[in-house]
Amino acid sequence: FDMPPGVNTIVGIPWTAKVIYPDKYSDIKLIDATKEFYNNFYHYDLSDKEAKQLFNFSLKFDKPLAIRFNKDKVEVEDETNEEIEYGMWKVTLNNSDTAIITYGPKVNELLKENVNATIVNALFQLPINIDILKTLLDYKTIIIYDAYGTINGFANDVELALYKLNYKGKIISKAIPLTYVDKATIKQQLEKYSLTIEDIKSLLK
């Protein structure tokens, strides 16, 4: 189960049905369902390739992700050559002596802006990818950008890992502060706490 209870349960329902009763629910297209879910709840247009990677990873990962069932009953739809590995981070753009570590839709938003920085896509928030962090130790500045979580979560974990690696550069953590957030849209919240793409770009000047 999605613990604590959250929206991920929604996409888990058709996944579970397909795993337990693949013949009965042969009409369910999990790739399409995954793309629709990401669009509706995360406002992210998942590509066919990304959806296949997520689906294939969910079948091959040997530790609990949600509910554990016999994955041999599921026929993988449209195999893709590139696979997601547990703990994977990707350096998606390599520019300048400043690195931005982030994840989710913010990666693509930064890429579209062609920012003058090295962009690290943290596909997994945990475990922290120490090997990737070691490649950043000579960078002058590292910006940890978590527009979705509080400052004591992913940003804090990365910052602690950098300290343990004896990183000597400047660390800037941008995340939601530990404070009560009155009702607001996502856009209003990002603007209130200086977490928009424009705010991040201003740090690179």
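**Salt bridges, rings and a surface patch**

Asp 48 is partly exposed, with 38% of relative accessible area. This value, like the others here, was computed from a predicted model. A residue counts as buried under 20% and as exposed over 50%, so Asp 48 at 38% falls in between. Its partner is a good place to start. Asp 48 forms a salt bridge with Lys 35, and the closest N and O atoms of the two are 2.5 Å apart. Asp 48 sits in helix 3 (residues 48-60) and Lys 35 in helix 2, so this pair links distant parts of the chain that are 13 residues apart. Lys 35 has a relative accessibility of 25% and therefore also counts as partly exposed.

It helps to place this pair in the whole chain. The protein chain holds 8 helices and 5 strands. Read from the N terminus, its elements follow the order α-α-α-β-β-α-β-α-β-α-β-α-α. The chain has 205 residues, and 39% of them count as buried. Among contacts with a separation of 6 or more, 64% are between residues 24 or more positions apart. The accessible surface of the chain comes to about 12,300 Å², and carbon and sulfur atoms account for 52% of that surface.

Where else do charged side chains meet? Side chains of opposite charge can pair when their charged atoms come close. The structure contains 5 salt bridges, and one of them joins Lys 201 to Glu 113 at 2.8 Å, N to O. Lys 201 belongs to helix 8 (residues 197-202), while Glu 113 lies in the loop between helix 4 (105-112) and strand 3 (118-122), so the pair ties together parts that are 88 residues apart in sequence. Lys 201 also forms a salt bridge with Glu 198, with 3.4 Å between the closest N and O atoms. Here both partners are in helix 8 and are 3 residues apart, which means that about one helical turn separates them. Glu 113, Glu 198 and Lys 201 are thus linked in a network of salt bridges. Lys 201 is partly exposed at 24% relative accessibility, Glu 113 is partly exposed at 36%, and Glu 198 is partly exposed at 49%. Because the limit for exposed is over 50%, the 49% of Glu 198 still falls in the partly exposed class.

Aromatic rings give another set of pairs to look for. How many aromatic pairs are there? The count comes to 5. Tyr 21 and Tyr 25 make one such pair: their ring centres are 6.5 Å apart and their planes stand at 50°, so the pair is tilted. Planes under 30 degrees apart would count as stacked and planes over 60 as edge-to-face. Both tyrosines are partly exposed, Tyr 21 with a relative accessibility of 48% and Tyr 25 with 29%. Elsewhere, ring pairs link Trp 89, Tyr 103, Tyr 148 and Phe 154 into a cluster.

The surface also offers something to find. Ile 10, Phe 41 and Tyr 42 form a nonpolar patch there, and together these residues have about 260 Å² of accessible area. Phe 41 is located in helix 2 (residues 30-42), the helix that also carries Lys 35. With a relative accessible area of 36%, Phe 41 counts as partly exposed. Residues in a patch need over 30% relative accessible area, so Phe 41 at 36% meets that limit.

Conventions: Residues numbered from 1 in each chain as written. Predicted model: local features only at pLDDT ≥ 70, side-chain atom pairs only at ≥ 80, totals over all residues. Heavy atoms only, no water. Helix = DSSP H or I, 4+ residues; strand = E, 2+ residues; numbered from the N terminus. Buried < 20%, exposed > 50% of the residue type's maximum accessible area, 1.4 Å probe, protein only. Contact = heavy atoms within 4.5 Å. Areas by Shrake-Rupley, 256 points an atom, 1.4 Å probe, with all protein chains shown as cover. Phe/Tyr/Trp six-rings, centres within 6.5 Å; stacked < 30°, edge-to-face > 60°. Patch = residues over 30% accessible without salt bridge, like charges linked within 9 Å, V, L, I, M, F, W, Y side chains within 5 Å. Salt bridge = Lys/Arg side-chain N within 4 Å of Asp/Glu carboxyl O.
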